[in-house]
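Reader: Could you take me closely through a single part of this model and then set that part in its wider surroundings? I would like the cut-offs stated alongside the terms, since I intend to compare them with my own.

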Amino acid sequence: MIDRERLLDRFLRYVQVDTTAVEGTDTYPSSPGQMTLGAMLVDELQAMGIDNAAQDEHGIVVATVPSRGAESAPVVAFNSHVDTSPETTGAHVKPQVINGYTGGDLVLPGDPEKVIRVSENPELNDLHGCTLITTDGTTLLGGDDKAGLAIIMELTQSLMETSDITHGPVRILFTCDEEIGRGIDYVDIEKLAATACYTLDGGGANDLDVETFSADLAVVTVRGVNIHPSIAKDRMVNAIRAASAFVDRLPRETLSPETTSGREGFLHPYQIEGGVAEVTIRIILRDFETAGLEKQAELLRKVAAEVESQFSGASISVETRPQYRNMRDGLEKEPRAVKCAQLAHQRLKREAKLSIIRGGTDGSQLTERGLPTPNLSSGQHNPHSPLEWACLDEMVQAAEVLVELAQVWAEDPG
Ligand SMILES: [Zn+2]
């Protein structure tokens, strides 16, 4: 019932709409293409017979596939985001379809220096015979997260076309500006009224991401005293020197993204700006345990005090603010969210691989706000890069998982 060619056709159409998120704008969504693609999706949903499909003024698309034979079943939501990463342009995407991949490296035709190498993408070894989609090497592909869009749209059409599947209400949620951390700014969770939600934003196939980092942002402000260098003796306090000392004292052999993996957390200074009078350092704090973030903040305050005593007259403030929280805690409150996803895979004779993400998803924020939202695979690979690619066969598998998932939830998985 999942129509492979139709799914591919959708994906190819969606990636050709430029929805690159733009950082540092006040508008929402941050780029007009996101409105365009959202409107396109609403038209397609309505053409499938879903009259309630609508896009709000923020570009967010919500639609409900009416239940069939299970009116009182819990509402399940599926989410993906329409925007693509600002790290690589998403304008003029020219997708290349490789049918029946026979192995080997893939040279991208628009820029032959760009090669998708098997050595760097060992998962390609398992995908011989599959249909792959790449870019021409000059843009990103946008499989993150248009693979998710295409999968959910294909699921929707399948559910609308078939009468032999029993399912409860299926809520569709397409969001904007996920890539710049604003994916759920305007999502009305109460109105969504779902018992669980799934983001279709994971790589490969059969992953079930049930943990993310907990994340804080630390803004360190170093204040010095500026005065003309000619008369600076014993008067100038150079914030640049103090800030450099501060960064130099941060751990590098441990607790840095360059030296950690798996469940290890890190502190990552990623932006520094300023001058002699004042320097601001932005540092992201990441740990799978929320308590670990407090320890990291303590470390920053300790370093600040040390540097202050070394640079008399300098003052250093450390402010932290929460970004998102490990979804594990929220998922424990609604164990069916993970259990149903595992069951859906089992019924397809597949095993869901429970995994952790060294990052956050919109699901981390949704879960924190009370809507349990694990993340599912969607066939995307190498996101945010001109070397991005997607696998149609994995996208089909993801759509099949969703069909099962909708049914599992209708059967009172208690
Ligand atoms: Zn994504």
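Author: Five bridges join strand β10 to strand β15 (residues 353-357), and the two strands run parallel; strands here are DSSP runs of E with at least two residues, helices are runs of H or I with at least four, both numbered from the N terminus, and two strands pair if DSSP finds at least two bridges between them. This is a predicted model, in which local features need pLDDT of at least 70 and side-chain atom pairs count only at pLDDT 80 or more, while totals for chains, interfaces and linings use all residues. Residues are numbered from 1 along each chain as its sequence is written.

Within the parallel pairing, Leu-208 of β10 stands opposite Leu-354 in β15. β10 also has an antiparallel partner, strand β16 (residues 375-381), to which two bridges join it, and there Asp-209 has Asn-375 as its bridge partner. Five of the six residues of β10 (residues 207-212) are buried, so the strand is largely enclosed by the rest of the structure; a residue counts as buried if 20 or more other C-beta atoms, placed from the backbone, lie within 10 Å of its own, as exposed if 12 or fewer do, and as partly exposed in between.

The wider setting of β10 involves the division of the protein into domain 1 (4-212 + 326-410) and domain 2 (214-324), with bounds that come from an automatic or database domain assignment. The contact between the two takes eight residues from domain 1 and six residues from domain 2, where two residues are in contact if their C-beta atoms, placed from the backbone, lie within 7 Å. On the side of domain 1 that touches domain 2, β10 and α9 (362-368) each supply at least two residues, and α9 gives the most, with three residues. That side of domain 1 divides into one nonpolar, five polar and two charged residues, with Ala, Val, Leu, Ile, Met, Phe, Trp, Tyr, Cys and Pro counted as nonpolar, Asp, Glu, Lys and Arg as charged, and the others, Gly among them, as polar. The centres of the two domains, taken over C-alpha atoms, are separated by 37 Å.

Strand β11 (residues 214-223) pairs with strand β13 (residues 278-287) in the antiparallel sense over ten bridges, with Thr-221 opposite Thr-280. β13 also pairs with strand β12 (residues 266-274), again antiparallel, over eight bridges, and Ile-272 stands opposite Ile-281 there; β12 and β13 form a hairpin with three residues between them.

As for the interior, the largest nonpolar core has 81 residues, of which Ile-151, Met-395, Leu-402 and Leu-405 touch the most other members; such a core is a set of buried Ala, Val, Leu, Ile, Met, Phe, Trp, Tyr and Cys residues joined through C-beta atoms within 7 Å. Helix α10 (residues 392-410) gives the most to this core, with 13 residues. Ile-151, leaving aside its neighbours within four places in sequence, is in contact with Leu-200, Ser-378, Met-395, Ala-398, Ala-399 and Leu-402. Another core, of 27 residues, lies apart from the largest one and has Ala-215, Ala-242, Leu-255 and Phe-266 among its members.

Taken as a whole, the protein has ten helices and 17 strands, and buried residues make up 48% of its 414 residues.
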